[in-house]
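Reader: I'd like a close look at one part of this model, ideally with the backbone angles and the surroundings tied together. Can you walk me through it in one go?

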Amino acid sequence: MKASRVKYDYGDCHVCGERLQEKRIDQEFWIKGKLLVIEKVPAGVCPQCGERVVKAEIGGYLASLLGKSNGLRKVRHMTVPVLRFAKQIA
Ligand SMILES: [Zn+2]
C-alpha cells in the first residue's frame, strides 16, 4: 500500500521537549507599524507551551509574500481591539 504524503516531522519543542503537532495557524507580522496576518500557515505547534515552528521552506515563502505585500490581494480586513497598558509600575 502506497503511503499518502508523509507529514513533515517538526520534531520536539525546543522549549519544553513536547512533540510538535502540525497545525494551521494565523501568523501575524508587524510591517512598518501595520499588523498583517497570514492565515492558515502550516506550522508545528507545541501542545504544551504553544511554541510555534515554521519550516524553512514555509518561512521563505512567507518572506516572499511579505516582500511584495504592497501588491498582495487582500482577502479581507479584520478589526482587532487594542488595549493600552495604563497601570503604573513601581
Ligand atoms: Zn513546548
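What I'm after is Lys 40: is it buried or exposed, and what does the sheet around it look like?

Author: Lys 40 counts as exposed, because it has 10 C-beta neighbours inside 10 Å and the cut-off for that label is 12 or fewer. Keep in mind that this is a predicted model, so read the angles below as properties of that prediction.

Lys 40 sits in strand 2, and its backbone is worth a look: phi is near 60°, a positive value in a residue other than glycine. Most residues other than glycine have a negative phi. Lys 40 has company in that respect, since Lys 32 also isn't a glycine and has a positive phi of about 45°. Lys 32, though, is found in the loop between strand 1 and strand 2. That loop belongs to a hairpin with 2 residues between the strands. Lys 32 counts as exposed too, because just 6 C-beta neighbours fall inside 10 Å.

Now for the strand that holds Lys 40. Strand 2 covers residues 34-45 and runs antiparallel to strand 1, with 10 bridges joining the two. One of the residue pairs there is Gln 21 with its bridge partner Val 45 in strand 2. Helix 1, residues 56-67, packs on the sheet and touches both strand 1 and strand 2. The direction of that helix makes about 165° with the direction of strand 2.

On to the other neighbour of strand 2. Strand 3 is joined to strand 2 by 2 bridges, and this pair is antiparallel as well. Gly 44 has Val 53 as its bridge partner in strand 3. Strand 2 and strand 3 make a hairpin with 6 residues between them, and Gly 50 in that turn has a positive phi of about 85°.

Put together, you get an open sheet of 3 strands in the order 1-2-3, with antiparallel pairing. Strand 1 (21-31) and strand 3 (52-53) are the edge strands, each pairing on one side only. As a general point, strands of a sheet pair through backbone hydrogen bonds. Along the chain from the N terminus, the elements read β-β-β-α, which comes to 1 helix and 3 strands.

For a contrast with the two lysines, try Ile 25, which lies in strand 1. Ile 25 counts as partly exposed because it has 16 C-beta neighbours inside 10 Å. Leaving aside residues up to four places away in sequence, Ile 25 touches Val 41, Ala 43, Val 45 and Arg 52. Take Val 45 from that list: Ile 25 and Val 45 are 20 residues apart in sequence, yet 8.6 Å apart in space, C-alpha to C-alpha.

Zooming out to the whole chain, 7% of its 90 residues count as buried. Among contacts with a separation of 6 or more, 44% come from residues 24 or more positions apart. Back at your starting point, then: Lys 40 is an exposed residue in strand 2, with a phi near 60°.

Key:
Residues are numbered from 1 along each chain as its sequence is written. This is a predicted model: local features need pLDDT of at least 70, side-chain atom pairs count only at pLDDT 80 or more; totals for chains, interfaces and linings use all residues. Two strands pair if DSSP finds at least two bridges between them. Helices (H or I, at least four residues) and strands (E, at least two) are DSSP runs, numbered from the N terminus. Two residues are in contact if their C-beta atoms, placed from the backbone, lie within 7 Å. Axes are lines fitted to C-alpha atoms, for helices over the stretch in contact, and angles run from 0 to 180 degrees between N-to-C directions. A residue is buried if 20 or more other C-beta atoms lie within 10 Å of its own, exposed if 12 or fewer, and partly exposed in between; C-beta atoms are placed from the backbone.
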